[in-house]
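Colleague: I have just opened this structure and would like a short tour. Could we begin with the open spaces in it?
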Amino acid sequence: MATTMPNLDEQLLIGGTWTDATGGARFDVTDPGSGATVGSVPNATQADVTAAIDAAAAALPGWRSTPALQRARILRKSADLMRERAVEIATCMTSEQGKPLAEAKGEVEYAASFFEWFAGEAERVYGQVVSPMNTNNRVLVLRQPVGVVAAITPWNFPAAMMTRKLGPAMAAGCTSVVKPASATPLTAALVLRCIEDAGAPAGVVNLVTSRDAGMVANTIFTDARVKKISFTGSTEIGKDLIRASAHQVKRLSLELGGHAPYIIFEDADLDEAIEGLIASKYRNAGQTCVCANRAYVQRSIYDDFLARLVKRVSEMPVGHGLTEGTVIGPMINEAAVEKADEHVQDALAKGAKLAYGGHRLTEGEYANGAYYEPTVIDGVTPDMLIHHEETFGPVAGLTAFDTEDEVIALANSSEYGLASYFHTKDYARLLRVAERLEYGIVGANAGIISAANVPFGGVKESGYGREGGSVGIDEYLDVKYVLIGAVGTV
Ligand code: NAP
């Protein structure tokens with residue numbers, strides 16, 4: 001292995017103080033690539049979650065009245081500190097999450113870019129002066145911070161999914177309580193240390209780590225001081241949160257699951273399409289919400305494409321994320337390996353062929369980790385699990401198609417609507433297909449689509465709300481209209 005991480009024991013951050021949980025309980029964090037313990041964090045109680053909300057509520061008046069330029073300065077400084085500490089944060093991320101170190105460093109940069117982007121947006125929160133219906137009146141439209149925000153984040157991008165919420169929340173003048181995934185709480189703590197060291201006042205961001213996500217959610221959803229919850233995670237939990245939000249009519253942003261189609265038309269640049277599919281499918285061992293889950297290849301190029309894809313996939317070394325040269329790291333845990341294998345076995349049982357991979361790796365260096373071979377399945381049909389359920393693993397399933405109408409219907413036949421991709425050199429088709437795909441994100445001749453300056457989010461059961469771009473800050477602002485009467489009469 002390249003670098004190892006020293007055992008890291010972190011704490012909760014409540015009102016500017018790093019502290020243990022009430023009662024002192026902790027839980028261990030495990031390296032999915034080796035099974036070793038890499039650190040531990042406090043197991044917050046309900047009293048700790050309430051204390052974090054208290055701190056966020058207390059910090060709110062001061063933070064929302066802090067000049068936007070000052071909030072922006074703190075965000076930019078937070079980004080700088082993340083970059084200065086990139087190796088430390090990335091090593092921690094690889095140790096608890098598994099992704100190869102190069103990918104982890106890339107995520108630190110991507111995560112920092114949200115702070116920088118939203119520093120700029122903080123400086124440009126504008127209202128409106130609207131022409132009144134009655135000329136005696138004047139009408140103002142104000143955009144104000146929603147208040148205390150709770151952010152619940154997943155393990156697959158432990159830094160970026162958090163900064164994508166904290167960046168706009170801080171920019172808008174909101175204060176936050178963060179609940180990271182219990183598999184990856186250490187990276188979250190390191191990022192919050194950057195915000196704190198950048199000069200954010202006590203209570204502006206608070207961290208609660210807990211193994212009891214249901215308790216945390218219940219405490220947040222029943223506390224009237226929390227005005228908004230931003231959640232990234234599975235569609236299943238997202239639906240629970242929609243139900244929980246009804247009680248106090250909480251504002252929600254939901255970045256949920258995906259099941260991306262990846263279409264390759266016969267006129268595509270095949271080298272570009274293969275690299276695009278590989279980047280989309282195998283990054284983070286296939287554990288991204290925008291991962292290609294179904295590849296549709298036009299019949300005339302299918303065999304050639306499959307052969308070239310298999311050759312490329314066979315060249316991807318599998319190993320611990322800290323081992324030099326690793327391209328495919330471990331999956332997050334054994335349950336994730338089982339799900340990937342279930343999708344492979346289901347496809348094979350229903351008539352697909354195994355073109356490459358298809359096995360767990362359990363011997364030698366893989367013995368104590370959660371490893372699955374990068375896999376290619378030939379001949380996926382709509383009745384197979386992989387065609388309609390999120391696999392969240394390094395398994396590409398290929399289906400041949402004949403016509404544009406046929407493939408659009410197949411691509412849209414999903415309850416998910418997050419990311420979609422296609423490759424073509426025909427520019428009329430490019431616009432037509434981009435418009436017909438029922439997804440929040442379309443990558444046309446591009447397999448990597450995430451960036452801080454674009455509106456990221458889904459339609460259908462992939463959720464609602466957008467993160468990033470010029471609209472990302474709107475999720476943390478309330479719109480208020482002010483009617484000033486009798487101005488024209490004085
Ligand atoms: P998850 O199981 O839904 O967990 C996400 C977060 O919710 C974690 O912090 C988890 O805590 C917490 N949680 C668990 N049970 C909860 C409950 N009853 N109430 C409130 N919070 C609860 O999802 P995951 O497995 O971590 O992440 C993978 C999923 O996220 C995939 O479906 C993926 O597509 C989706 N995702 C979407 C996006 C996007 O932008 N659309 C981005 C990344 C990932 P614990 O860790 O303690 O269980």
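Modeller: This is a predicted model. Its largest pocket holds about 1200 Å³ of space.

Colleague: How many residues line the largest pocket, and which lie nearest its centre?

Modeller: The lining is made of 44 residues, and those nearest the centre are Trp155, Phe231, Gly233, Ser234 and Ile237. Two or more lining residues come from each of these elements: helix H7 (213-221), strand S11 (226-232), helix H8 (235-245) and helix H11 (334-349).

Colleague: What is the chemical make-up of the residues in the lining of the largest pocket?

Modeller: The lining of the largest pocket has 21 nonpolar residues, 15 polar ones and eight charged ones. At least three of its residues come from domain 1 (8-256 + 463-480), and at least three from domain 2 (260-451).

Colleague: Turning to enclosed space, how many cavities of 30 Å³ or more does a search of the whole structure find?

Modeller: The search finds one cavity of 30 Å³ or more. The largest cavity has a volume of about 70 Å³.

Colleague: Which residues line the largest cavity?

Modeller: The lining consists of Tyr110, Phe157, Met161, Arg164, Arg283, Thr288, Cys289, Val290, Ser450 and Phe456. By type, six are nonpolar, two polar and two charged. Domain 1 (8-256 + 463-480) and domain 2 (260-451) each contribute at least three residues to the lining of the largest cavity.

Colleague: A cysteine appears in that list. How many disulfides are there in the whole structure?

Modeller: The search of the whole structure finds zero disulfides.

Colleague: Why does Cys92 have no bond to another cysteine?

Modeller: The closest cysteine sulfur to that of Cys92 belongs to Cys194 and is 11 Å away, so it is too far for a bond. Cys92 is also buried, at a relative accessible area of 0%.

Colleague: And what about Cys291, buried or exposed?

Modeller: Cys291 counts as buried, at 4% relative accessibility. The closest cysteine sulfur to that of Cys291 is in Cys289, 8.2 Å away, which is too far for a bond.

Colleague: Let us move to charged pairs. How many salt bridges does the structure have?

Modeller: The whole structure has 31 salt bridges. One of them joins Asp478 and Arg251, with 2.9 Å between the closest N and O atoms. Asp478 belongs to strand S25 (residues 477-484) and Arg251 to strand S12 (residues 251-255), so this pair ties together parts 227 residues apart in sequence.

Colleague: How accessible are Asp478 and Arg251?

Modeller: Both are partly exposed: Asp478 has a relative accessible area of 32%, and Arg251 has 30% relative accessibility.

Colleague: What is the N to O distance between Glu315 and Lys311?

Modeller: The salt bridge between Glu315 and Lys311 has an N to O distance of 2.7 Å. Glu315 is partly exposed, at 43% relative accessible area, whereas Lys311 is exposed, at 52%.

Colleague: Where do Glu438 and Lys460 lie?

Modeller: Their side chains form a salt bridge, at 3.5 Å from N to O. Glu438 is in the loop between helix H14 (427-436) and strand S22 (441-444), and Lys460 is in strand S23 (residues 459-460), so the pair ties together parts that are 22 residues apart in sequence. Glu438 is partly exposed, at 40% relative accessibility, and Lys460 is partly exposed at 37%.

Colleague: Which residues are joined into one network by salt bridges that share partners?

Modeller: That network comprises Asp267, Glu404, Asp405, Arg429, Arg432 and Arg436.

Note on methods: Residues numbered from 1 in each chain as written. Predicted model: local features only at pLDDT ≥ 70, side-chain atom pairs only at ≥ 80, totals over all residues. Heavy atoms only, no water. 1 Å grid on protein atoms, 1.4 Å probe; cavity = no way out; pocket = protein on both sides within 12 Å on 5 of 7 lines; lining within 4 Å. Points joined across faces, edges and corners; volume = space filled by probe spheres on them. Helix = DSSP H or I, 4+ residues; strand = E, 2+ residues; numbered from the N terminus. Nonpolar A, V, L, I, M, F, W, Y, C, P; charged D, E, K, R; others polar. Domains from an automatic or database assignment. Disulfide = S-S within 2.5 Å. Buried < 20%, exposed > 50% of the residue type's maximum accessible area, 1.4 Å probe, protein only. Salt bridge = Lys/Arg side-chain N within 4 Å of Asp/Glu carboxyl O.
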